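The following note sets out a few points for the colleague who will work from this structure. Please read the numbered points alongside the display.

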Amino acid sequence: MEKQDILSLSHQEIVAVCEQLGEKSFRAQQLFEWLWNKKARSFDELTNMSKQFREKLAEAYYFKTVTISNIQKSKDGTQKFVFRLGDGAHIEGVLIPSRERITACISSQVGCGLACEFCATGTMGFTRNLSVGEITDQLFAIEQVAIQELERPVTNVVYMGMGEPLQNYEHVMASIARITDTKGHAMAPSRITVSTAGISKFIKKLADDNFACNLAISLHFPDDERRTKYMPVNKANNLNSLSDALAYYHQKTKKRISIEYALLHGINDSIEDASLLAHFTKRFPVKINIIEYNSFHGSSFKPSKAKKQEAFVSFLQKLNLIVNIRHSKGKDIDAACGQLIKR
Ligand code: SF4
């Protein structure tokens, strides 16, 4: 029989496995804690388990995880990780330190099928979804480096690396369940953000599934014509359907939604665009993150001029909208938003 990935098992499935193998019920709790609290990644590490039980586990299961193949360090302290997967594919994650927090930006897919024109990952195409362990273990590897080098743990996690998290819904939600489980990594859901290009049916599903983390929408274009041109996901999820989904999401979760908007020179940075953006946010409370665009090799887009950015932001602020300007970090190592790609 083919071996199964032990990191894909839910808490309940671990209980069932332990029962099947004739182990007492407390073993299931111990095994879960080994996997998700102590982060054991080989059966030899389960030192309080019998040798016989470890051997039985090793016969039927393996660990589908990631290994660090390279780390690049930016002048500003950002570190870009290249992770190698069991099948030889590579993905990227980023450690972003600041005075108050340490953020881990992690990937959810190998490549991405949504092909947003301004994004380096979008040029790779989609290869496959990541497993639960491949998602969580990026965070755990980044955290180990943070503790070793900065003597601080990761405080925040953003699903903003390679891929569209909601197209890998099941594994992304299972990874969040392990990261937030009080017997697992025990991180507060409020410290986790999932960022989507905007797939309406999954945004509604998040609301129905009592999603307790933060949701960010990569909006970037305030009308359907431009959004469809530069973000093909908009064809099947136009701004009306996205607005309906976000209103539903807010009605059920009562949470504020982050709107990500990269200012692109001459494309979406006029005052009319700011006005359309403000109009889009009328039905639900938002926080608008204005992102400094990072060009990548082969991209025809350029960041907005400082004056345009100022005018855009002040227009929104005058309407009493919450607006943050996100200066990207790690630009010198291609670790900034939209620059992740396996070269
Ligand atoms: S911006 Fe996000 S959804 Fe769009 S292509 Fe890049 S990784 Fe995919």
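1. C112 has 10% relative accessibility and therefore counts as buried, the term meaning under 20% relative accessible area (exposed is over 50%, partly exposed in between; 1.4 Å probe, protein chains only). C119, at 16% relative accessibility, is also buried.

2. The count of disulfides is zero, a disulfide being a pair of cysteine sulfur atoms within 2.5 Å. This is a predicted model, in which local features need pLDDT of at least 70 and side-chain atom pairs count only at pLDDT 80 or more, while totals for chains, interfaces and linings use all residues. Residues are numbered from 1 along each chain as its sequence is written, and side-chain values use heavy atoms, leaving out hydrogens and water.

3. Helix α5 covers residues 169–180; helices (H or I, at least four residues) and strands (E, at least two) are DSSP runs numbered from the N terminus. The end C-alpha atoms of α5 are 16 Å apart, in agreement with the expected span of 16 Å for twelve residues, which is 1.5 Å times one less than the number of residues.

4. Nine of the twelve residues of α5 are buried, so the rest of the structure largely encloses this helix. Among them are Y169, M173 and R178. The cover over the buried residues includes α2 (25–36), α4 (132–150), β9 (156–159), β10 (192–196) and α6 (200–208).

5. L206 lies in helix α6 and, at 0% relative accessibility, counts as buried. Leaving aside residues up to four places away in sequence, L206 touches L166, Y169, M173, F211, L215 and Y249, contact meaning heavy atoms within 4.5 Å.
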